[in-house]
Amino acid sequence: MKKLETYHNQNRERYLDELFELLRIPSVSADPTFKDDVKRAADMVAEYLKKTGMDTVKIHPTNGHSIVYAEKIIDPALPTVLVYGHYDVQPADPYELWDSEPFNPVVKKTELHPDGAIFARGSCDDKGQMFMHIKAVEAMIAQNVLPCNVKFMIEGEEEVGSIHLTSFCAEHKELLKSDVILVSDTSIIANDIPSVTTGLRGLAYMEIEVVGPNIDLHSGTFGGAVANPINVLSKLIASLHDDNFHITIPGFYDNVIELSEEERKALNETPFDLDVYKNQLDIDDVQGEKGYSTIERASIRPTLDVNGIWGGYIGEGAKTVLPSKANAKISMRLVPGQDPERISDLFIKYFNEIAPKSVKVTVTSHHGGWPSVTPIDTVEYKAAEQAYTATFGKKPIPARAGGSIPIVAMFEKVLGCKTILMGFGLNTDAIHSPNEHYGLFNFYKGIETIPYFYQYYSELKK
Ligand code: BES
Ligand code: MN
Ligand code: MN
């Protein structure tokens with residue numbers, strides 16, 4: 001590993017310059033305005049992969065954004081690691097809330113990142129983390145220490161639900177055949193408290209339209225006599241939680257796999273400071289399901305949240321109007337045992353049931369995804385654990401994340417392959433928010449840790 005250290009040290013600046021080039025491309029998958037940029041980002045990822053010395057690099061077009069595939073097979077008898085990541089990013093708006101331009105990366109120091117952090121959309125989620133793998137593999141190839149085969153599958157649609165990835169995997173099972181899937185798209189607890197993500201929540205995403213009168217009405221002439229869709233929608237949404245913040249949809253919790261007392265105890269022993277948490281968010285109190293801690297509420301319990309709500313007059317001043325329509329987007333985070341399709345159906349059924357006759361309600365469902373858990377008694381997990389231990393000097397804690405990467409469950413189903421989530425971000429890195437950033441410490445630590453995974457994994461597999 002001394003050889004790798006020397007190589008990394010000689011190339012530190014270039015690693016960062018190359019990542020900056022990628023971060024300058026606004027590869028926003030959700031917005032068709034950026035279609036060409038998404039394509040440019042795929043091209044750049046492919047170029048970088050070519051330069052690492054992969055045997056083959058290919059851009060696979062889909063009906064949406066392309067999937068970049070690459071492989072280096074040093075010996076078919078050796079195990080194969082498949083690296084998954086995404087080069088697409090979330091929209092950067094609202095732009096005015098950024099202190100620097102989202103697609104012009106700059107390094108600034110922060111309290112949690114005293115060595116500096118890269119500020120840019122995608123710096124942590126996921127360009128910065130995905131790019132660590134390209135550099136780690138580049139270094140292993142350059143120094144002749146790659147101990148096994150490696151494949152890359154880097155997609156451009158993760159932030160819009162990986163729409164075309166399932167069919168791509170189903171159609172390319174042989175090509176993607178591997179022993180383990182390696183992903184860096186999650187967090188560690190803190191820079192001095194490494195962790196390996198052992199669970200992700202699933203997702204069911206709904207959109208609602210409530211229609212009252214056929215046009216916007218004078219709120220004096222008609223107010224009080226005709227249902228106001230915004231009033232109705234607000235009340236319906238409020239009724240989806242009871243006073244204990246339990247979700248009221250019948251059957252919602254039916255198949256939830258509860259943790260054992262032992263598992264809950266271990267989970268609640270993860271380092272966590274509620275005061276720091278509240279301070280960071282500038283909130284006076286937390287809120288959530290009765291009977292569960294903040295850690296539990298944000299990882300092992302299902303949730304229901306309004307992501308956006310609109311309707312009526314929101315311009316300057318006061319316009320007295322009884323709106324014709326109201327809309328909302330609602331997401332439900334799911335935990336093991338919950339089937340996203342079943343939950344969507346339950347939601348639609350219940351919402352239609354509780355809606356009053358005075359309005360017409362349409363509920364549609366967007367992309368969803370299954371939750372997943374990683375067992376920790378496996379060779380794959382051990383290799384990750386040893387890798388973090390080697391570079392952080394501390395055994396990582398298994399930790400469940402609240403976010404979703406639906407393709408992890410899909411990989412297991414379609415490719416029959418387990419995923420190891422070796423993330424290096426922090427929960428405070430503002431992914432999806434203004435001023436997203438990624439610590440330089442985290443970036444270089446990731447590049448340093450990944451080759452240890454390859455080494456330990458190859459040894460343990462023998
Ligand atoms: N990298 C995130 C997921 C994540 C973040 C997991 C932090 C654990 C910790 C991913 O890019 C993401 O944003 N996923 C979406 C779901 C997707 C279907 C749009 C999410 O969690 O909202
Ligand atoms: Mn991500
Ligand atoms: Mn994301």
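Colleague: Which residues line the second largest cavity?

Modeller: Thr374, Pro375, Thr378, Glu380, Lys418 and Ile420 line the second largest cavity (points on a 1 Å grid where a 1.4 Å probe fits but cannot get out; lining residues have an atom within 4 Å of a point). This is a predicted model, where local features need pLDDT of at least 70, side-chain atom pairs need 80 or more, totals use all residues, and side-chain values use heavy atoms without hydrogens or water. Residues are numbered from 1 along each chain, with chains lettered from A and ligands numbered from 1 as written.

Colleague: What volume does that second largest cavity have?

Modeller: About 30 Å³, counted as the space filled by probe spheres set on the points.

Colleague: And what lines the largest cavity?

Modeller: Ser372, Val373, Thr374, Val408, Glu412, Cys417, Lys418 and Thr419. Strand E15 (372–373) and helix H12 (407–415) each give two or more residues to that lining (DSSP runs: at least four residues for a helix, at least two for a strand). The volume is about 50 Å³.

Colleague: New topic. At what angle do H3 and H13 cross?

Modeller: Roughly 50°. The axes of H3 (residues 127–142) and H13 (residues 440–461) come within 8 Å. Axes are fitted to C-alpha atoms, and angles run from 0 to 180 degrees.

Colleague: So what do we call that arrangement?

Modeller: H3 and H13 are therefore oblique (not under 35 degrees, not over 145, not 65 to 115).

Colleague: Which residues meet there?

Modeller: Among them, Phe131 and Met140 in H3, and Phe443 and Tyr454 in H13 (heavy atoms within 4.5 Å).

Methods: On a 1 Å grid over the protein atoms alone, a cavity is a set of points where a 1.4 Å probe fits but cannot get out, and a pocket is an open set with protein on both sides within 12 Å along at least five of seven lines; lining residues have an atom within 4 Å of a point.
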